[in-house]
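User: I am new to this structure, and I would like a close look at a single part of it. Please start from one residue, go on to the element that holds it, and then set that element in the chain as a whole.
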Amino acid sequence: QVQLVESGGGLVQPGGSLRLSCAASGSIFSINTMGWYRQAPGKERELVAAISRDGSIMYADSVKGRFTISRDLAKNTVYLQMNSLKPEDTAVYYCRGWGPRYDYWGQGTQVTVSS
């Protein structure tokens, strides 16, 4: 069983930056896909970015050019660098690792973009 713990959320002004971290208790190399989701008030949870075991990366159209997902296999950590933040990025951000036989979720970290 893998535990995922997010950190790095907080309050930031529009145009600012934050870096979220997702620390795993086990090897993320053995997990098929690691991703970041977010859920804003009154909205469905949506996939923001994901990185697969082979290194393939995808982003939601709404964050392309602003967010970057990366991983450090030695540290068993996945990151989400968020730049040029907008108020509509305000949400709880969740880390997820999933595959055919497992589905792990972190408990989320709040990101608030407001002046």
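Analyst: S21 touches V5, E6, S7, W36, T77, V78 and Y79, leaving aside residues up to four places away in sequence, where a contact means heavy atoms within 4.5 Å. This is a predicted model, in which local features need pLDDT of at least 70 and side-chain atom pairs count only at pLDDT 80 or more, while totals for chains, interfaces and linings use all residues. Residues are numbered from 1 along each chain as its sequence is written, and side-chain values use heavy atoms, with hydrogens and water left out.

S21 counts as buried because its relative accessibility is 14%; buried means under 20% relative accessible area, exposed over 50%, and partly exposed in between, with a 1.4 Å probe and protein chains only. The residue lies in strand β3, and strands here are DSSP runs of E with at least two residues, helices being runs of H or I with at least four, both numbered from the N terminus. Strand β3 covers residues 18-24 and is mostly covered, since five of its seven residues are buried.

Strand β3 has partners in β1 and β8, and two strands are said to pair if DSSP finds at least two bridges between them. Strand β1 (residues 4-7) runs antiparallel to β3 and is joined to it by four bridges, with L4 standing opposite A24 of β3. Strand β8 (residues 77-82) is also antiparallel to β3, and six bridges join the two; L18 has M82 in β8 as its bridge partner.

These pairings belong to an open sheet of four strands, which has the order β1-β3-β8-β7 and antiparallel pairing. Strands β1 and β7 stand at its edges with a single partner strand each, so one side of each is left without a neighbour in the sheet. Direction ignored, neighbouring strands of this sheet are turned by 15° against each other on average, an angle between lines fitted to C-alpha atoms. At the far end of that order from β1, strands β7 and β8 pair in the antiparallel sense over six bridges, and R71 stands opposite V78 in β8.

Strand β3 also has a part in the largest nonpolar core, a set of 29 residues in which L4, M34, W36, F67, L80, M82 and Y93 have the most contacts. Such a core is made of buried Ala, Val, Leu, Ile, Met, Phe, Trp, Tyr and Cys residues joined through side-chain atoms within 4.5 Å. Among the strands that each supply at least two of its residues are β3, β4 (33-39), β5 (46-52), β7 (67-72) and β8, and the largest share, four residues, comes from β3. L4, opposite A24 in the sheet, touches residues including C22, A23, A24, M34, C95 and W105, not counting those up to four places away in sequence.

Turning to the whole chain, there are zero helices and eleven strands. Its radius of gyration is 13 Å, close to the 13 Å that the globule rule gives for 115 residues, so the chain is as compact as a globular protein of that length; the radius is taken over C-alpha atoms, and the rule is 2.2 Å times the number of residues to the power 0.38. Of the 115 residues, 43% count as buried. Among contacts between residues at least 6 apart in sequence, 53% join residues at least 24 apart.

Terms used:
Axes fitted to C-alpha atoms, helices over the stretch in contact; angles between N-to-C directions.
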